[in-house]
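Please walk through the fold shown below, going from charged pairs to helix packing and then to the strands and loops.

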Amino acid sequence: MFAELGTGLPQDFVALIERYGAFQVGGLGESDDGTRDYLEFLMVADPRVVRSHGVTWAQAAVMREDTYRSLRAQFPDTYMLAAWPEPGGFLGWGTTIDGDWFGWLTEGDPDEWPIVAEGRGDQWIDEPPLQNTATEFLLHWLSGVPDLPYMAQLWEGGEWEPVECRPGHRGPAATQT
């Protein structure tokens, strides 16, 4: 996977994926219609798994970044980052139900890549890159001290209550490489 991607990944992310595989972060809360519902907020894919239709994580990253480049061309005031594999380009590792992307700025050693968010509108445009790991980012968010504003409130007493951490589904069309 690293050879196909053309780069290593931060060791904390590799360890997170080795421990949990693909996973989703979600919570229980009140839907717009007032019913109690479960909602997946963040999906993180396992780079070792070949997705349905035979698409690898590296191939999906290339397709995602092609989409990102297109969005950047259409909305330059919103999507302002360079796109991977450009030096310092954005390489996504997680997506939300609302189309937000979390990822790294890929310049220098992978263990030093900062985390950035790109999303709906301009809510994170002025936020500086985060100098923490993906694991720290998730831990801060789930413990009620998110590193970015406008994150869904997924902590006890928040708008949405976290449900549980569970490994992602590896259906019959997905295989681990």
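R72 is partly exposed, because its relative accessibility of 23% lies between the 20% and 50% limits. The model that gives this value is a predicted one. R72 takes part in a salt bridge with E86, and the closest N and O atoms of the two are 3.5 Å apart. This pair joins distant parts of the chain, since R72 belongs to helix α3 and E86 to the loop between α3 and β4, 14 residues apart.

E86 also forms a salt bridge with R69, again with 3.5 Å between the closest N and O atoms. R69 lies in helix α3 (57–74) and E86 in the loop that runs from there to β4 (90–96), so the pair ties together parts that are 17 residues apart in sequence. Both partners can be placed on the accessibility scale: E86 is partly exposed at 28%, and R69 is partly exposed at 27%. Side chains of opposite charge can pair when their charged atoms come close. The bridges around E86 belong to a network of salt bridges that links D66, R69, R72 and E86.

How many salt bridges does the structure hold? There are four. One of them joins the side chains of D46 and R48, with an N to O distance of 2.8 Å. Is D46 buried or exposed? D46 has a relative accessible area of 2%, so D46 falls under the 20% limit and counts as buried. Its partner R48 has a relative accessible area of 22% and is therefore partly exposed.

The next topic is helix packing. Helix α2 (residues 11–20) and helix α4 (residues 134–142) have axes that come within 7 Å and cross at roughly 65°. The angle makes α2 roughly perpendicular to α4. On the α2 side the contact involves D12, F13 and L16, which meet A134, T135 and L138 of α4. By residue class, this contact of α2 with α4 has four nonpolar members, one polar and one charged.

The contact residues of α2 can be set beside the list of its buried residues, which are D12, F13, V14, L16 and I17. An α-helix has 3.6 residues a turn, so residues three or four places apart point the same way. After α2 comes G21, which has a positive phi, near 70°.

The loop between β6 (115–118) and α4 contains N132. N132 is buried, because its relative accessibility of 10% is under 20%. Which residues does N132 touch, leaving aside those up to four places away in sequence? They are I115, F137, H140 and D147.

G119 is in the loop between β6 and α4 as well. With a relative accessibility of 7%, G119 counts as buried. Its C-alpha atom is separated by 8.1 Å from that of T78, although the two residues are 41 apart along the chain.

Strand β6 itself has I115 and A117 pointing one way and V116 and E118 the other way, and all of them are buried. I115 is thus among the residues that N132 touches and is one of the buried residues of β6. Strand β5 (residues 101–105) pairs with β6 in the antiparallel sense, over four bridges. In this arrangement F102 stands opposite A117 of β6.

The last residue to consider is T95, located in strand β4. T95 has a relative accessible area of 26% and is partly exposed. Leaving out residues up to four places away in sequence, T95 touches F41, L42, M43, D100 and W101. T95 and Q24 are 71 residues apart in sequence, with a C-alpha to C-alpha distance of 9.7 Å.

Notes. Residues numbered from 1 in each chain as written. Predicted model: local features only at pLDDT ≥ 70, side-chain atom pairs only at ≥ 80, totals over all residues. Heavy atoms only, no water. Buried < 20%, exposed > 50% of the residue type's maximum accessible area, 1.4 Å probe, protein only. Helix = DSSP H or I, 4+ residues; strand = E, 2+ residues; numbered from the N terminus. Axes fitted to C-alpha atoms, helices over the stretch in contact; angles between N-to-C directions. Parallel < 35°, antiparallel > 145°, perpendicular 65-115°, else oblique. Contact = heavy atoms within 4.5 Å. Nonpolar A, V, L, I, M, F, W, Y, C, P; charged D, E, K, R; others polar. Pairing = 2+ DSSP bridges.
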